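The following exercises concern a complex of two protein chains. Each task is followed by a solution that proceeds step by step.

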Amino acid sequence: MTCERIEELLSAFLEGELAAAEKAEVAAHLAACPECARLLDLLKETTCALAGFPEVEPSPELMAGLYAVPERKAARKRWFRPVFDTLTRPALQPVFAAFTVLFIALSFVLFHPEARGVRKQISVQFHKGVGAVEKIYADAGGLKGEIRAVSANFIKSFKNLDVLKSGEGKK
Amino acid sequence: MDLDAVIRECLEGSQSAWETLVNTFAKRIFNMAYQFSGSRQEAEDKTQEVFLKLYGALPRYDSGKNFTAWLLTLAKNHLIDEYRRTKWEKTQRDDFDERVLAQTAGDGPEQSLVEKEAKTLVWEGLNRLSADMRMVIILRDLQGKSYEEVAEILDLPLGTVKSRVNRARLQLALVLREYRGGTS
């Protein structure tokens with residue numbers, strides 16, 4: 001047997017779990033190999049040290065905390081329940097659906113491989129829209145001026161009509 | 001004590017049944033967490049978390065199963081998951097409790113010193129083991145479980161458990177050899 005194989009069998013050898021033939025083989029190797037015999041001694045020392053580790057008593061504070069677990073869970077439930085009930089109201093379902101659609105659209109815009117192109121397109125469309133609105137405003141401004149001119153002319157002609165009427169009366 | 005009856009009462013909301021369950025298992029879980037983490041504070045936190053989980057998981061417990069093994073599996077999973085999630089690996093464990101070492105004085109002061117040194121080295125050496133190795137050695141050598149029980153708790157084949165225990169012990173033995181200067 002090689003030293004590697006002996007290493008694999010050392011715990012079983014210590015615990016008496018080997019078959020008689022294998023046990024004799026390991027014992028013979030240990031008698032002839034000081035390195036493996038030394039390892040066996042260290043292994044014995046290790047298992048003794050491990051077996052001698054005592055159990056530690058949990059502190060009274062810990063025990064009190066453990067006794068209070070049901071109470072803590074119940075308190076958490078008391079706080080959690082109303083929030084959960086509010087969030088799961090059927091009336092909020094369309095809101096969640098709208099948010100979901102919004103998030104999907106947003107994630108598409110932000111994380112799509114060609115997101116830059118998409119954003120650029122959105123920006124172009126947005127600026128086009130703004131331009132169109134500005135044009136409408138400008139046109140509306142011009143129209144306003146024309147209406148003012150027409151109404152001023154109309155008032156002027158109306159006044160002139162009065163002057164003419166009074167002139168006819170004098171005659 | 002009829003554990004199944006205690007669990008049934010717990011599920012019905014009995015505080016005294018819960019306290020019975022805590023009294024029965026708190027020490028075992030706390031020691032498991034302490035031996036695994038090497039820190040009393042960490043062990044207290046983890047014990048609290050395990051019992052919180054236990055309280056939530058009790059309705060899912062199948063009464064036909066071994067409750068102790070089921071609880072130890074739950075504790076083991078929590079300890080290893082938390083260890084991996086938080087990478088909580090201290091470079092140093094708490095100092096080995098001197099008062100406890102004093103109780104185990106052997107054949108005289110010299111023997112006691114050797115034992116104390118070995119215990120301290122092995123205690124610190126536990127940190128060198130991987131989480132899986134540490135857990136297997138804790139269950140087998142520190143908690144004194146049989147190989148079969150360890151295999152049930154860890155849900156591993158018996159042969160794998162035996163081989164892991166042997167490798168873990170060898171690693172700890174090598175810590176002793178390293179400290180004492182090779183093949184002295």
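The exercises below treat confidence, fold, the contact between the chains, and selected local features.

**Exercise 1. Establish how confident the predictor is in each chain and in the complex.**

Solution. The model is a predicted one, and the confidence values are therefore the first step.

Step 1. For the complex, the predictor gives an ipTM of 0.82 and a pTM of 0.68.

Step 2. Chain A has a mean pLDDT of 85, with 94% of its residues at 70 or more. Within chain A, helix 5 (residues 69-87) has the lowest confidence, at a mean of 79, and helix 4 (residues 60-67) the highest, at 95.

Step 3. Chain B has a mean pLDDT of 85, and 85% of its residues reach 70 or more. Its helix 5 (residues 98-103) is the element of lowest confidence, at a mean of 48, whereas helix 8 (residues 147-154) of chain B is highest, at 94.

Step 4. Where pLDDT is low, the predicted coordinates should not be read in detail.

**Exercise 2. Describe the secondary structure and the burial of each chain.**

Solution.

Step 1. Chain A contains seven helices and zero strands. Chain B contains nine helices and zero strands.

Step 2. Of the 171 residues of chain A, 11% are buried. In chain B, 33% of the 184 residues count as buried.

Step 3. For chain B, consider the contacts with a separation of 6 or more: 61% of them join residues 24 or more positions apart.

**Exercise 3. Test whether the length of helix 6 of chain A agrees with expectation, and determine its exposure.**

Solution.

Step 1. Helix 6 of chain A covers residues 93-111, which is 19 residues. At 1.5 Å a residue, the expected span is 27 Å.

Step 2. The end C-alpha atoms of helix 6 of chain A are 26 Å apart, which agrees with that expectation.

Step 3. The number of buried residues among the 19 is zero, so helix 6 of chain A lies largely in the open.

**Exercise 4. Analyse the side of chain B that touches chain A.**

Solution.

Step 1. The contact draws 32 residues from chain B and 30 residues from chain A.

Step 2. On the side of chain B, the elements that give two or more residues are helix 2 (15-37), helix 3 (40-57), helix 6 (109-125), helix 7 (131-142) and helix 9 (158-179) of chain B. Helix 2 of chain B gives the most, with nine residues.

Step 3. By class, this side of chain B comprises 18 nonpolar, seven polar and seven charged residues.

**Exercise 5. Determine how helix 3 of chain A packs against helix 9 of chain B.**

Solution.

Step 1. The axes of helix 3 (residues 34-51) of chain A and helix 9 of chain B come within 8 Å and cross at roughly 105 degrees.

Step 2. An angle of 65 to 115 degrees counts as roughly perpendicular; helix 3 of chain A is therefore roughly perpendicular to helix 9 of chain B.

Step 3. Helix 3 of chain A contributes A:Leu39, A:Leu42, A:Leu43, A:Glu45, A:Thr46 and A:Thr47, and helix 9 of chain B contributes B:Arg169, B:Leu170, B:Leu172, B:Ala173, B:Leu176 and B:Arg177.

Step 4. This contact has seven nonpolar, two polar and three charged residues.

**Exercise 6. Characterise the surroundings of B:Asp155 and B:Arg28.**

Solution.

Step 1. B:Asp155 is located in the loop between helix 8 and helix 9 of chain B. Its phi is near 55 degrees, a positive value in a residue other than glycine.

Step 2. A residue with 12 or fewer other C-beta atoms within 10 Å is exposed. B:Asp155 has 10 and is therefore exposed.

Step 3. B:Arg28 belongs to helix 2 of chain B. With 17 other C-beta atoms within 10 Å, B:Arg28 is partly exposed.

Step 4. B:Arg28 and B:Leu72 are separated by 44 residues in sequence, and their C-alpha atoms are 8.9 Å apart in space.

Methods. Residues numbered from 1 in each chain as written. Chains lettered and ligands numbered in written order. Predicted model: local features only at pLDDT ≥ 70, side-chain atom pairs only at ≥ 80, totals over all residues. Contact = placed C-beta atoms within 7 Å. Helix = DSSP H or I, 4+ residues; strand = E, 2+ residues; numbered from the N terminus. Nonpolar A, V, L, I, M, F, W, Y, C, P; charged D, E, K, R; others polar. pLDDT = per-residue confidence, 0-100. Buried ≥ 20, exposed ≤ 12 C-beta atoms within 10 Å, placed from the backbone. Expected span 1.5 Å × (residues − 1). Axes fitted to C-alpha atoms, helices over the stretch in contact; angles between N-to-C directions. Parallel < 35°, antiparallel > 145°, perpendicular 65-115°, else oblique.
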